[in-house]
Amino acid sequence: MSDINPTTIRGPVDVYTAPVATAFTGVLSVGSLDAAWKKLGARGWKSQDTGGVKVTKRQKLEDWRGENLVIQDVARNEEDILIAFTLADVSLENLAIAMNSNAIVTTAPATGTKGHKKMMLARGPDVQPVALLLIFPSVYVKGEKGVMYLPKVFQNADIETNWNKTNPAMANFEFKAVEGPNATDTDPDIGYWDIVSAAALP
């Protein structure tokens, strides 16, 4: 929230992932997250490239005119949510999320032998979903938080990492929401916004 214009909001936005169905009860639980929630980027939002986190809510509408000149009815037949950002952090822990949650095998150091971490490059045919959580400043109360929670997403981006002498190596992410684990016929359970809107009463 800006001191100059209290109706504007800026980052930072921290991004967390966890296994699908990991406990999360809303913005009031941000201070006591389940240990399964892991922050992306070794320095959190400071690891993000310029541009921060982009949220896109896409839709496809079908209109019907019949024999009329103008639209008589409209229906929404597709809806998507995409979360995109780039991290200046290519540790295997971050790349594992980008690479279908591939396992990291760690070999501890021993006398005369260096420790190392190994992760396979192949992602295989099965797509591994995760839960996604964005934590950002509240637009209503300075110093408070808001969240965007998506209970089930998959990593949709092609991974392009460029090592050079000038800029840090980057890893790009694009998470796409799918029907959540608690979906019903009337609620696809793709997530929600939850933002602190008022201070607690004395």
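Colleague: What makes Leu-61, Ile-71 and Val-74 a nonpolar patch on the surface?

Modeller: In this predicted model, Leu-61, Ile-71 and Val-74 form a nonpolar patch with about 250 Å² of accessible area together. Patch members must have over 30% relative accessible area, and Leu-61, at 41% relative accessibility, meets that condition.

Colleague: Why is Leu-61 called partly exposed, and where does Leu-61 lie?

Modeller: Exposed would require over 50% and buried under 20%; Leu-61 has 41% relative accessibility, which falls in between, and therefore counts as partly exposed. Its place is in strand β3, which covers residues 54-64.

Colleague: Why does Asn-94 count as buried or exposed, and what is Asn-94 in contact with beyond its neighbours within four places in sequence?

Modeller: The relative accessibility of Asn-94 is 4%, and the limit for a buried residue is under 20%, so Asn-94 counts as buried. Asn-94 lies in helix α1 and, leaving aside its neighbours within four places in sequence, is in contact with Leu-40, Gly-41, Ala-42, Leu-87, Asp-89 and Phe-173.

Colleague: Which residues touch the most other members of the largest nonpolar core?

Modeller: That core has 26 residues, and Ile-83, Phe-85, Phe-173 and Phe-175 are the ones that touch the most other members. At least two residues of this core come from each of β4 (73-87), α1 (92-98), β7 (130-137), β8 (145-155) and β9 (171-177). Apart from it lies another core, of 13 residues, including Phe-24, Val-30, Val-147 and Tyr-149.

Colleague: What is Ile-83 in contact with, once its neighbours within four places in sequence are left aside?

Modeller: Among the contacts of Ile-83 are Val-53, Val-55, Leu-132, Leu-134, Met-148, Leu-150, Phe-173 and Phe-175, together with Lys-54 and Glu-174.

Colleague: Why is Ser-29 called buried, and what does its side chain make a polar contact with?

Modeller: Ser-29 is found in the loop between β1 (14-18) and β2 (38-39), and because its relative accessibility is 13%, under the 20% limit, Ser-29 counts as buried. Its side chain makes a polar contact with the side chain of Thr-25 at 3.5 Å, a value that satisfies the cut-off of within 3.5 Å.

Colleague: Why is Glu-179 called exposed, and which residues is Glu-179 in contact with?

Modeller: At 53% relative accessibility Glu-179 is over the 50% limit and therefore counts as exposed. The place of Glu-179 is in the loop between β9 and β10 (192-195). Leaving aside neighbours within four places in sequence, Glu-179 is in contact with Lys-152, Pro-188, Asp-189 and Ile-190; the C-alpha atoms of Glu-179 and Ile-190, eleven residues apart along the chain, are separated by 5.6 Å.

Notes
Residues are numbered from 1 along each chain as its sequence is written. This is a predicted model: local features need pLDDT of at least 70, side-chain atom pairs count only at pLDDT 80 or more; totals for chains, interfaces and linings use all residues. Side-chain values use heavy atoms; hydrogens and water are left out. Patches are made of residues with over 30% relative accessible area and no salt bridge: like charges are joined within 9 Å, nonpolar side chains (Val, Leu, Ile, Met, Phe, Trp, Tyr) within 5 Å. Accessible areas come from the Shrake-Rupley method with a 1.4 Å probe; for residues, only the protein chains shown count as cover. A salt bridge is a side-chain nitrogen of Lys or Arg within 4 Å of a carboxyl oxygen of Asp or Glu. Helices (H or I, at least four residues) and strands (E, at least two) are DSSP runs, numbered from the N terminus. Buried means under 20% relative accessible area, exposed over 50%, partly exposed in between (1.4 Å probe, protein chains only). A nonpolar core is a set of buried Ala, Val, Leu, Ile, Met, Phe, Trp, Tyr and Cys residues joined through side-chain atoms within 4.5 Å. Contact means heavy atoms within 4.5 Å. A polar contact is a pair of N or O atoms within 3.5 Å; within protein, one must be able to donate a hydrogen and the other to accept it, and residues adjacent in sequence count only if both atoms are side-chain atoms.
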